[in-house]
Amino acid sequence: MKTVLVSGVSGLIGFEVANLLLENQYEVIGISRSNPNITHRNFEFISCDFEDKMFTNHLPKKVDAIFHFAQSFNYKNFPQSSQEVFDVNANSTLKLLNYGIKANCKKFVYASSGGGNPLSENKIPSTTPLLFGEHLNFYLSTKFISEVLVNNYKAFFNTLICRPYFVF
C-alpha cells in the first residue's frame with residue numbers, strides 16, 4: 001500500500017483529496033493545525049504547525065508522495081502576518097521538498113493559486129508560467145516563490161503544480 005502525506009488536510013482541498021486517496025486504497029498521513037476528524041483505518045493525523053522550524057521531525061521516515069495543500073489562514077492580513085504567511089506558504093514548501101528527498105518520495109504535488117496569473121478574458125492554459133509583476137500581492141508572491149522552489153526539485157521526484165481558482 002502506498003503512503004501519501006497530505007498537508008492542509010483540514011482544509012477543503014486537502015480534506016477532499018485525502019478522502020479520495022483513502023477510497024482508492026492509499027494510506028494517508030494528514031498534517032494540519034486542526035484535526036479533520038477523518039475516521040478511516042488507513043488514515044493517520046499528525047498535528048503540525050508550519051511555523052515550527054522542526055515540524056518535519058514529526059513526520060514518517062518514508063512516504064511515496066506528498067500533496068502540499070496547506071495555506072495560511074492569515075493570507076489577507078498583510079503586513080501584520082507576513083512572516084506567518086511566508087512560513088506556511090513558502091518555507092514549509094522548501095522543508096517538505098527536502099523532507100521528500102530524505103523520505104524517498106516519488107511524487108510532489110503542490111497547490112499554488114490560479115490568482116497568480118494576470119486577469120484575462122481568455123482561457124489561461126494550466127501550463128502557462130506564472131509571471132512576476134505588480135498583479136502579485138504578498139500572498140500570491142509566496143505562491144510564486146513556492147512554484148519556483150518546486151520546479152528546482154524536478155530532478156528528485158515527479159512534480160505537479162496545480163493552480164486552483166478561487167476555491168471556497
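**Close-up views of a predicted model**

**View 1. Order of helices and strands along the chain.** In this predicted model, the succession of elements from start to end of the sequence is β-α-β-β-β-α-β-α-β. The chain thereby contains three helices and six strands. Among its contacts with a separation of 6 or more, 64% join residues 24 or more positions apart.

**View 2. Surface and interior of the chain.** Of the 168 residues in the chain, 44% are buried. The exposed area is about 9500 Å², and 55% of it is supplied by carbon and sulfur atoms.

**View 3. The largest nonpolar core.** This core comprises 22 residues, and Leu5, Phe50, Leu59, Leu96, Tyr99 and Phe108 have the most contacts inside it. Two or more residues are contributed by each of strand 2 (27-32), helix 2 (82-102) and strand 5 (107-111). Helix 2 provides the largest share, with four residues. In soluble globular proteins, nonpolar side chains tend to be buried together.

**View 4. Surroundings of Phe50.** Beyond its neighbours within four places in sequence, Phe50 is in contact with Ser7, Ile31, Phe55, His68, Ala70, Asp87, Val88, Ser92 and Leu96. Apart from the largest core lies another core, of 15 residues, including Val6, Val9, Leu22 and Phe69.

**View 5. Cysteines Cys48 and Cys105.** Cys48 has a relative accessibility of 7% and therefore counts as buried. Cys105 is likewise buried, at a relative accessible area of 4%. A disulfide is a covalent bond between the sulfur atoms of two cysteines. Across the whole structure, the search finds zero disulfides.

Note on methods
Residues are numbered from 1 along each chain as its sequence is written. This is a predicted model: local features need pLDDT of at least 70, side-chain atom pairs count only at pLDDT 80 or more; totals for chains, interfaces and linings use all residues. Side-chain values use heavy atoms; hydrogens and water are left out. Buried means under 20% relative accessible area, exposed over 50%, partly exposed in between (1.4 Å probe, protein chains only). Contact means heavy atoms within 4.5 Å. Accessible areas come from the Shrake-Rupley method with a 1.4 Å probe; for residues, only the protein chains shown count as cover. A disulfide is a pair of cysteine sulfur atoms within 2.5 Å. A nonpolar core is a set of buried Ala, Val, Leu, Ile, Met, Phe, Trp, Tyr and Cys residues joined through side-chain atoms within 4.5 Å.
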